[in-house]
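Work through the exercises below with the model open. Each task is followed by a stepwise solution.

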Amino acid sequence: MSMKIRLARGGSKKRPHYAIVATDSRMPRDGRFLEKLGTYNPLLAKDSEDRVKMDMERVQYWLGQGAQPTDRVARFLEAAGVREKAARNNPKTGTPGAKAVKRAEEKAAKSAAPAEEAAAE
C-alpha cells in the first residue's frame with residue numbers, strides 16, 4: 001500500500017483550511033484517511049505559529065513506515081527541520097508557452113513591416 005502524507009481541504013469557498021493527513025495514495029484528496037497529523041491555515045500570516053501545526057511524533061512514525069510527503073507537506077517538514085532541504089529546479093517556469101511565442105512573433109512582424117516601408121521610401 002502506497003502511503004502519502006498530504007493536505008485534505010476543508011472550509012468554505014475562498015476560505016480554505018487544510019488537514020495534514022496520512023492516507024493511502026489511491027484515496028481521494030478529501031476522502032478517507034488513516035490519521036490526522038496536523039492542520040494548515042493559509043489565511044494566517046506567514047510568521048504565525050498557528051499557520052502550520054503538526055504532531056511531529058506521528059509524522060516521524062509515518063515517515064518511518066514509508067509514507068511519502070507531497071511537495072507542500074515536504075516544505076512544511078523542511079521548515080520544521082525534520083527533513084533536509086531538497087534542491088528544486090524548474091527551468092521552464094519562466095519560459096512562455098507556444099501560443100505566447102507565436103503572438104510575440106506576429107507582433108514583431110507587424111512592427112517590423114512599417115519600419116521596412118519607411119526604409120524603402
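The model is predicted.

**Exercise 1.** Classify D24 as buried or exposed, then find its side-chain partner.

*Solution.*
- Take the accessibility. D24 has 6% relative accessibility.
- Apply the cut-off. Buried means under 20%, so D24 counts as buried.
- Locate the residue. D24 belongs to strand β2, which covers residues 15–24.
- Look for a partner. The side chains of D24 and R26 share a polar contact of 2.8 Å.

**Exercise 2.** Determine how many aromatic pairs there are, and classify the pair Y18 and Y40.

*Solution.*
- Count. There are 3 aromatic pairs.
- Get the geometry. Y18 and Y40 lie 5.8 Å apart, centre to centre, with 25° between the planes.
- Classify. Planes under 30 degrees apart count as stacked, so Y18 and Y40 are a stacked pair.
- Place both rings. Y18 is in strand β2 and Y40 is in strand β3 (residues 35–40), so the pair ties together parts 22 residues apart in sequence.
- Check burial. Y40 has 10% relative accessibility, so Y40 counts as buried.
- Extend. Ring pairs join Y18, Y40 and F76 in a cluster.

**Exercise 3.** Classify the pair Y61 and W62, and state which charged end sits over the ring of Y61.

*Solution.*
- Get the geometry. The centres of Y61 and W62 are 5.3 Å apart, and the planes make 75°.
- Classify. Over 60 degrees counts as edge-to-face, so Y61 and W62 form an edge-to-face pair.
- Check burial. Y61 is partly exposed at 37%, whereas W62 is buried at 12%.
- Find the charge. The charged end of R58 sits over the Y61 ring, 4.4 Å from its centre.

Definitions and conventions
Residues are numbered from 1 along each chain as its sequence is written. This is a predicted model: local features need pLDDT of at least 70, side-chain atom pairs count only at pLDDT 80 or more; totals for chains, interfaces and linings use all residues. Side-chain values use heavy atoms; hydrogens and water are left out. Helices (H or I, at least four residues) and strands (E, at least two) are DSSP runs, numbered from the N terminus. Buried means under 20% relative accessible area, exposed over 50%, partly exposed in between (1.4 Å probe, protein chains only). A polar contact is a pair of N or O atoms within 3.5 Å; within protein, one must be able to donate a hydrogen and the other to accept it, and residues adjacent in sequence count only if both atoms are side-chain atoms. Rings of Phe, Tyr and Trp (its six-membered ring) pair if their centres lie within 6.5 Å; planes under 30 degrees apart count as stacked, over 60 as edge-to-face and the rest as tilted. A charge sits over a ring if NZ of Lys or CZ of Arg is within 6 Å of the ring centre and within 35 degrees of the ring normal.
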